[in-house]
Amino acid sequence: MNQSPLLSSHSQTAIGQGFTQQAGQQIQPLNSQNQQNPQGIQQNQPAIQKVQHPQQQRVAGFTQPQNPLIQSQLHIGSVGPGPANANVNPTILQQNQLQNQNQQPGLRESFFCPSKQHHFFHIDSILVCNSLAETEFAARPNNGNSTPHQNIIQNTTYRAGSNSPVPSLIPAIDAPASQASSFPPVTSPSFSLQSQQSNMSNSQSLPYIRQSNSLPRQQTTGVSPLNSQNVQSISASSTAGRRTYPQQPPRQFQNHQNHQNQQFKQQENNVQPGSQIQQPRIGQLPQQDFMQPAAIPQFKSVPRTPQFGSIQQQPVLFGTQQPSFGTPLQQQEQQQQQLGFNPPPPEFLQHPQPQQSVVQQSFGVSQLQNGMQNMNLASGNVVPQTQQTQAAVNLFQRVPQVSELETLTPPLKMSPQLSISQSPHAVCSPVYKRCTLNSIPQAQAVLNKTKIPFGLIVTPYRSLLPGEEAVPIVNSPQIIRCRRCRTYINPWVQFVEQGTRWKCNMCFLTNEVPAFFDWDSESRQQVDRMKRFELTHSVVEYIAPQEYIVHPPQPVVLLFIIDVSLAAVQSGMVDTISKGILKYLDKVPNSDGRTKVAFITVDNTLQFWNLSVRSSLLEPQMLVISDIEDAFLPLPEDLLVTLTESRLVVEKLLANLPNLSKATQNNQNCLGRALQVGLKLIGSIGGKIVIFQGSLANLSEGSLRLREDPKILGTPKEVTLLQPASPFYKAFAVECSRVQITIDLFAFNSQYLDLATLSGLTKVTGGSLYYYPYFNPANPQDIHKFETELQNFLSRPLALEAVLRIRASRGIRMTRFHGNFFLRSTDLLALPTVNPDYSYGIEMEIQDNLHIATVCFQTALLHTTSNGECRIRVLTLTVPVTDSLTDIYKGADQYAIAALLAKKGVEKCLLSNVEAARDELVSRLCDIIGSYKANFSNSGQNSMLMLPENLKLLPLLIMSVLKHVSFRTSGITPSDVRTNAQSLMCVYSCEAFMPNIQPRFWALHSMDVAAGSFDDQTSQPIFPPRLNLSSEKLERHGLYLLDNGVDIFLWVGRFISPELCSLIFGVPTYENIIPGKFGLPRVDNNWNKRVWNLIDYIERVRVLTMTMCPVFYVVKEDGDAGLRMAFLVNLVEDKLDSGNSYPLFLAHVLEKLNKPSGGLF
C-alpha cells in the first residue's frame, strides 16, 4: 500500500477504515425532539452526534480505543496501515447533549460510492465517510430509507463547483526529494453549504469532506456501533502540518453571578441549566470554531474586484457571519440579527473599549494631571487603586489577526496635552524608543508579580523612510541641562517662579532659565519659548558648542582588507567587490575633502598598495611583506591617502586588481596579521576597517581551523560551534574600540568561515555583518544584492566616535544591554561608528519605590558627523507610574517584549545551548500567562489561556521566534547561517524584527485594481490584504508574495491562469516559468507594473531599515523540493520542521502551565 510522499508520517490520522460490528457496542441516536429543533442550535442547523468506543484508555493525555480490530484499522500518525501513535488524537465527532438516550441504535446501512471510491456508513442518524486522515462525520435525520440528507454539519468544507478532494499542501520534512517533488491539488475557496445542498440528490454525489487522494481505498462491509454511555467527544490533532485550533479543556459550569453570561454559555454549548458539559481534552481539535481562517482587513478601504480567482470566502465563526472588509459595526450587528444570533458576549470575550488618553485609564494615573497642574511632580504620591476587571481574550477562541502586525503601535502612551507645550511631537515615537511597559509599577515587587520583562528598545540613529520628517536641529549658544543629573531640557519639564526657573522631570531640581531662551539674537526680537524645538519635540539634535569638542573632528577613514586567496578569486568575490567599490566610489562621504582610504590585500603574504601622488606614480605600487611574523608598515605616509588627491590611482587599482590576483594558487589567509598591521596604520586617527573575506583565516595570528561537524548540528554540542574558537579577535576588537575604530565584515561563504569567531570583530566595535552564502557572480540576483548593500554601506550618513548614555528617573537602574557596542560604564556605551539601523536592548529594574507620577527615560548620543560637525541627539520618553495591575497589563507592549526576549534568548543560546534558550523563551511566556490568570481569571477560566487584548499576539510572536533560524532545532542549519541570524537578532529594531519572525504574506492573483498602485496621500503602494501564515491560504491557481525581511518569495500555483502567466512573467504557460533565484521579468502591462511596485517598495524599505537587500525567488508548486521547503518553512502557523503548529503550541503552553515541572520541548 503506497503512502503519500507529501504527508508527514507523524502528522496524519486515518479513521473509519474497516470497522466491524461487534456485540455490545451501541450508538445513541438523536431523538425526534432534537431532530426538529435542538436547543441552542439555529433553525436549519443540524445537531451533531457524539459517539465513543466503550473500551478506551487515556494515553499521554489523549483517548485511544483499545479494540484490536479498531486499533489495526485506526492508523494514528500515518497514512495507510501502521501502528498507533499515542501522540496524535483520533477524530470521531463533536459532542452534543441528548435529552433522550433510551433508543437502541444499530447499523442501518452501508454503501460504497464507485465513482469516488469512498465508503459511507448509515448508522441511524450518523452518516460516516472513511475517506481521509482528517475524517469528519455528517449528521442527518433518519427517515427510514437510504436517501442522503439535506442537512450537513456547518463546518464541512467543499471544493467550489466540484466534488474534488481537498488535500494537504505540506510535504514531508524527511521525504525523499523524488517524492516531495509531486504536489497534490490545492483546495479551492470554500463557500456556503446551502449552495451545495442541491447537489446531494443521491449517495454518489455526496460532496467529499476534506479528503486525501493518497489514502488507501478498500470496500468496507460493516461498522462496529459505538457505546453511548459516558459519552465523550474526541478531536484530532494537527494533520499534515495544517493549523487547526484546539478547543479549551473540559470544564464544568459554575453558578455565575452574571445571568446573561450564563444564558449565553448555555446556548453556546446547547445544554440545560444545571447539567454538566464534557468538552474535548487539551490538544484535541474542534470541528467548527477553530479551523476557520480569520477575516483580514484591508490596508486601505478600496473596492475589491478580483480578476484572477476569487478571494477565499471566510467561513462563519460562532454561528455569525464574518464582517466584510470595512463593514461598520452597526452593519455587522444587523447582519448578526438577520441570522437570528445576537447574544451578549461573555465577559472574557469582550473587546476593550477604544483606548483613551492616559488620564482616563485609571485613578492612579489620573493624578498625573493634577500633579502637573500643581507644578509639583516631586510631591505627588500615586493613590492606591483597587483592582479592576480586565477585558481578556481566550487564545483558544481567537484566530491570530495578522493585520494588526502592520502598525506595531504600543497600547498606551502619554497624552501630548500633558506636556509643557502640548505639542503632538512631545511623545517619543516608538520607532526611536519604546518600552515594554507603558505603565510602570511603583515597586519591584509589583513588577515581579506581573512577570513581564522591563526594558527598552532604542534605535537612536535610524534611517528615515520616505515621507518621514527629519529630526529638528537646535543651534543655540548654550545647551540647557540640569545641574544635578545632567538631563537635557525636554517637553516634560515644568516652569516655576513665573517662568524664570524650570524643574527637572528626573531629579526635580529647579534650574535657571537662560536669557537667550526667550530672545532671538538674529532678529533681536522676543520669541515664544513654547515654540522652541527643545519643548515641542521629544527627539531633537543639538549642534554641540565648543565645550563639547575635546579634539579636532575625526575625518572619514576607510581601510579595505581584501582576501585574494584562491578560494576568494575562484568564487568571483575579488572581481565583484573591485567593480562594486569602483562603481560607488562617489557615494563615499567626502563633502569636506578630508576622506582617506587605504588598501591591503591578503593571502599568505601582506600586500600593501602605495597610492600617494607625492611619489609621482601613475600606477599603484605593490609592496609585499612575505615574513608575516615580523610584519611592519612600509612607507606608512603613502599607504593612507586622501581620496580627492589620489582618486585616479585608486581607480586604477580597483580596475586592475582582479587581473593581478587571477593567477594565484595560494589557499592560505593571514587575516589576523593584516588586522594588526591595519591597526597601526589608522590607530592614531580612527575610522573603519572593512573586511572582504572569502576563505578561512588559517595562517599566523588568530588562525582558525575547519571545526564544523554535521553530526553535532541540532544537538546540545552545537553550542561549541556557535562560540568563538579563538579569543584573539574579540581582544583585538576591544583594542580597536578604545581608539575609535569600527570593523565591518563582508563574508562570502564559498566554504566554512567560522563566523562565530569573526563576528566578535563587529559586535564589540559596533560594526556590521553582511553575509552572502553560496555567492555566485554569474547570478544577477547575487550581484544585485551585493551592489545594493555596498552602495547603502558607503553612502549612508556616518556618526563617528560616538558615545551613548541612557538616563532614567531616580529609582530605576539599568542591568543589562544587548547589541553591538563596548560597555564603558554602567550606562555608557562606546560606539566608534553608529550603524543607522541597529537598535539596542536595555533591561532595567526598579531599585527604589517610585513615589512619582511619571518616569522619564532620556537617551543622548554624542557623535561627529561625516562632515566634521559635533552633534548630540536626544530622545526623551515619559511613562506614567501606577499601582494597578490592570494598567500595567494594559500598557504592556507585546512587540517590545518579544524583541527583548529574543535578544535575551540569543545570549542564553551562546552561554548554554539552543535547547536551553528555547525552554527559557517558553518559560517566560508561561510566566506571563500564568501571572495574568492568577490575577484576573474567573472560576470558569482556570483551564483557558487568557491574555489582555494588547498581549493576545504574544504567544504567536514567541512561537515564531522559536521557529526562526536563530533557535530552530533543525540538524541541517550550518553554524555560519545560524550565527549570522543570531547576530542580526541582537541588533534588530522592532520594525526590522517583526517581518523577520512574522513574514508578510499576500495573494496577488485576487488583488483588485487598486492594489499595487500608489496612494495619493502617502505616495506608497497599496498592498493586498495580509494573509495568515498557513498553507490553508494556498490555492492551486494562486500567485502569492511573501516577504520575510531577508528574502522575497513568489509562489506560483500549478493551475495558474495562462493569462496571468503572460501578464506577470511574459510567458504563455506555467511550464515556461523559470523557478529559482532569478528576478521577475519586467513586462509592459499594468499587472506587472503593480507587482513590481510592491517588490520595489519592500526592497527599498528593507535596505533602509535592515541594511540588507532581500533576494527574490520564484517558487513553483511542483518545482525543486528544497526551494519549496525554503518557502513553506515561513508558514509558521503550520506544523513544519521541529516546531508545532500554533494551536498545538497553545496546547503545550497550557500543559506546561498545569504541570510546571514537566518539559515542553
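Angles under 35 degrees count as roughly parallel, over 145 as roughly antiparallel, 65 to 115 as roughly perpendicular and the rest as oblique. That scale is used in the view of two packed helices below. The model shown in every view is predicted.

**View 1. The whole protein, for orientation.**
The protein has 27 helices and 37 strands. Of its 1161 residues, 63% count as buried. Take the contacts in the protein with a separation of 6 or more: residues 24 or more positions apart account for 77% of them.

**View 2. Helices α19 and α22 pack against each other.**
Two packed helices are described by the angle between their axes and the distance between the axes. Here the partners are helix α19, residues 894–911, and helix α22, residues 975–987. Their angle is about 140°, and their axes are 8 Å apart. α19 and α22 are therefore oblique to each other. The crossing of α19 and α22 is left-handed. From α19, the contact uses Ala-902, Lys-903, Val-906, Cys-909 and Leu-910. From α22, Gln-982, Met-985, Cys-986 and Val-987 take part. Sorted by type, the residues of this contact between α19 and α22 are 7 nonpolar, 1 polar and 1 charged.

**View 3. An open sheet of 4 strands with mixed pairing, β34-β35-β36-β37.**
The strands follow the order β34-β35-β36-β37. β34 (1000–1003) and β37 (1111–1116) stand at the edges. Each has a single partner strand, so one side of each is left without a neighbour in the sheet. On average, neighbouring strands of this sheet are turned by 15° against each other, direction ignored. β34 pairs with strand β35 (residues 1039–1043) in the antiparallel sense, over 4 bridges. One bridge sets Ala-1003 against its partner Tyr-1040 in β35. β36 and β37 pair in the parallel sense, over 6 bridges. Ile-1048 stands opposite Phe-1112 in β37. Helix α25 (residues 1086–1106) lies across β34, β35, β36 (1047–1052) and β37. α25 runs at about 10° to β35.

**View 4. Strand β37, seen by its two faces.**
In a regular strand the side chains alternate between the two faces of the sheet. In β37, Val-1111, Tyr-1113 and Val-1115 lie on one side. Phe-1112, Val-1114 and Lys-1116 lie on the other. Both faces of β37 are covered, and these residues are all buried. That makes 6 of the 6 residues of β37 buried, so the strand is largely enclosed by the rest of the structure.

**View 5. An open antiparallel sheet, β8-β10-β30-β27.**
This sheet has 4 strands, in the order β8-β10-β30-β27. The pairing is antiparallel. β8 (433–435) and β27 (812–818) are the edge strands, and each pairs on one side only. Neighbouring strands of this sheet are turned by 25° against each other on average, direction ignored. β27 and strand β30 (residues 840–846) run antiparallel and are joined by 6 bridges. Arg-813 stands opposite Glu-845 in β30.

**View 6. Two loop residues with positive phi, Arg-486 and Leu-635****.**
Most residues other than glycine have a negative phi, and most peptide bonds are trans. Arg-486 is not a glycine, yet its phi is positive, at about 65°. Arg-486 sits in the loop between β11 (473–474) and β12 (494–496). Its relative accessibility is 37%, so Arg-486 counts as partly exposed. Leu-635 is not a glycine either, and it has a positive phi of about 50°. Leu-635 belongs to the loop between β21 (621–625) and α11 (636–639). At 40% relative accessibility, Leu-635 counts as partly exposed.

**View 7. Asn-669, a buried loop residue****.**
Asn-669 is placed in the loop between α12 (647–660) and α13 (671–682). Buried means under 20% relative accessible area. Asn-669 has 0% relative accessibility, so it counts as buried. Leaving out residues up to four places away in sequence, Asn-669 touches Asp-563, Val-602, Asp-603, Gln-693, Ser-695, Leu-696, Ala-697, Asn-698 and Leu-699. Of these contacts, take Leu-696. Asn-669 and Leu-696 are 27 residues apart in sequence. In space, they are 6.9 Å apart, C-alpha to C-alpha.

Definitions and conventions: Residues are numbered from 1 along each chain as its sequence is written. This is a predicted model: local features need pLDDT of at least 70, side-chain atom pairs count only at pLDDT 80 or more; totals for chains, interfaces and linings use all residues. Side-chain values use heavy atoms; hydrogens and water are left out. Axes are lines fitted to C-alpha atoms, for helices over the stretch in contact, and angles run from 0 to 180 degrees between N-to-C directions. A crossing is left-handed if the near helix is turned anticlockwise from the far one by less than a right angle, and right-handed if clockwise. Contact means heavy atoms within 4.5 Å. Ala, Val, Leu, Ile, Met, Phe, Trp, Tyr, Cys and Pro count as nonpolar, Asp, Glu, Lys and Arg as charged, and the others, Gly among them, as polar. Two strands pair if DSSP finds at least two bridges between them. Buried means under 20% relative accessible area, exposed over 50%, partly exposed in between (1.4 Å probe, protein chains only).
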